[in-house]
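Visitor: I'd like to learn how to read a model like this one. Could you walk me through it?

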Amino acid sequence: MIRGVLIDISGVITDGPGGVPGAALAVARLRAACLPIRFLTNTTRRPKSRIVADLRALDVIVTADDVITPVAAALNWLSENGHVPHLLVHPDLAEEFAGCKTDGPVAVVLGDAAQGFSYANLNATFRALHKGAPFLALAANRVFRDGDGQLSLDAGPFVRALEYASDTTAIVLGKPAPDFFRAGISSLGCRASETAMIGDDAENDIAGALSAGLGLGILVRSGKYRLGDEDRVTPRPSAVVDDLTAAVEMILKYV
């Protein structure tokens, strides 16, 4: 029995500058079935307000509370541990950290900085880590599908490079971190075994969800999916389907 659904955004609902065909209607079908939904995303190039606006532009019914990003986990960590962020993030994301304290020990916060991954910025971040700053990675995805339809480097390769150089292990806050999935499950108000995850990333979305105890992990062949991705991860997806429409069709059989 499935009582709640977590859905990745990039590559599942959005795809480059446009949307995946039928995605808005698929989300509407879940809502019509009275299934609570949360959009669990590792996207770190845009603030939550932009993510919500982009979904609404595709006719997806969504509120800000429906979207869960790693930024909230980072802000909680910084507040609870009394650290000031040393940011290596996209300029559009910096506004999310505007309310952070400005004095105290430093913690590195890294997201997908895009063109911000310059030598100067990476080296300044390395030096902060070398001095003992904790390392918070908003996400560690290898690649994402860019606006031109090609795969591009995501934050993960830069996380690994800085870990190697500084001999520091990053605290990954987004998928596939179990706590990130638990935050989504808690927001849904159901048990992990009653929750389904839909995503296009076999490693971070699906294997991560199933390792966290979710009852169903459905990999879609849209977005960054490449033939054979399901054979490269453990645990394997519960199912591999064409798109969000097919995934929703499957989930509704479990309601």
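**Reading the fold, then one residue**

Guide: Gladly! Keep in mind that this is a predicted model. Its protein chain exposes about 11,400 Å², with carbon and sulfur atoms supplying 51% of that area.

Visitor: How many helices and strands does the protein chain have?

Guide: The count is 8 helices and 14 strands. To judge the overall packing, set the radius of gyration against the globule rule: both are 18 Å for these 255 residues, so the protein chain is as compact as a globular protein of that length. Along the principal axes, the C-alpha atoms fill a box of roughly 55 × 35 × 35 Å.

Visitor: What share of the residues is buried?

Guide: Buried residues account for 52% of the 255 in the protein chain. Contacts add another view: of those with a separation of 6 or more, 63% join residues 24 or more positions apart.

Visitor: And how do I read the charges?

Guide: Count both signs, then compare their centres. Here there are 24 positive and 29 negative side chains, and the centres of the two sets lie 2 Å apart.

Visitor: Now a single residue, please. Where does Asn141 lie?

Guide: Look in the loop between strand 8 (135–137) and strand 9 (143–145).

Visitor: Is Asn141 buried or exposed?

Guide: Asn141 counts as buried because its relative accessible area is 6%, and the cut-off for buried is under 20%.

Visitor: Which side chain makes a polar contact with the side chain of Asn141?

Guide: That partner is Asp201, at 3.4 Å. Leaving aside residues up to four places away in sequence, Asn141 also touches others, including Asn42, Asp154, Lys175 and Lys224.

How values were computed. Residues numbered from 1 in each chain as written. Predicted model: local features only at pLDDT ≥ 70, side-chain atom pairs only at ≥ 80, totals over all residues. Heavy atoms only, no water. Helix = DSSP H or I, 4+ residues; strand = E, 2+ residues; numbered from the N terminus. Rg over C-alpha atoms; globule rule 2.2 N^0.38 Å. Buried < 20%, exposed > 50% of the residue type's maximum accessible area, 1.4 Å probe, protein only. Contact = heavy atoms within 4.5 Å. Areas by Shrake-Rupley, 256 points an atom, 1.4 Å probe, with all protein chains shown as cover. Lys, Arg positive; Asp, Glu negative; His and termini not counted. Charge placed at Lys NZ, Arg CZ, Asp CG, Glu CD. Polar contact = N/O pair within 3.5 Å; in protein donor to acceptor, adjacent residues only side chain to side chain.
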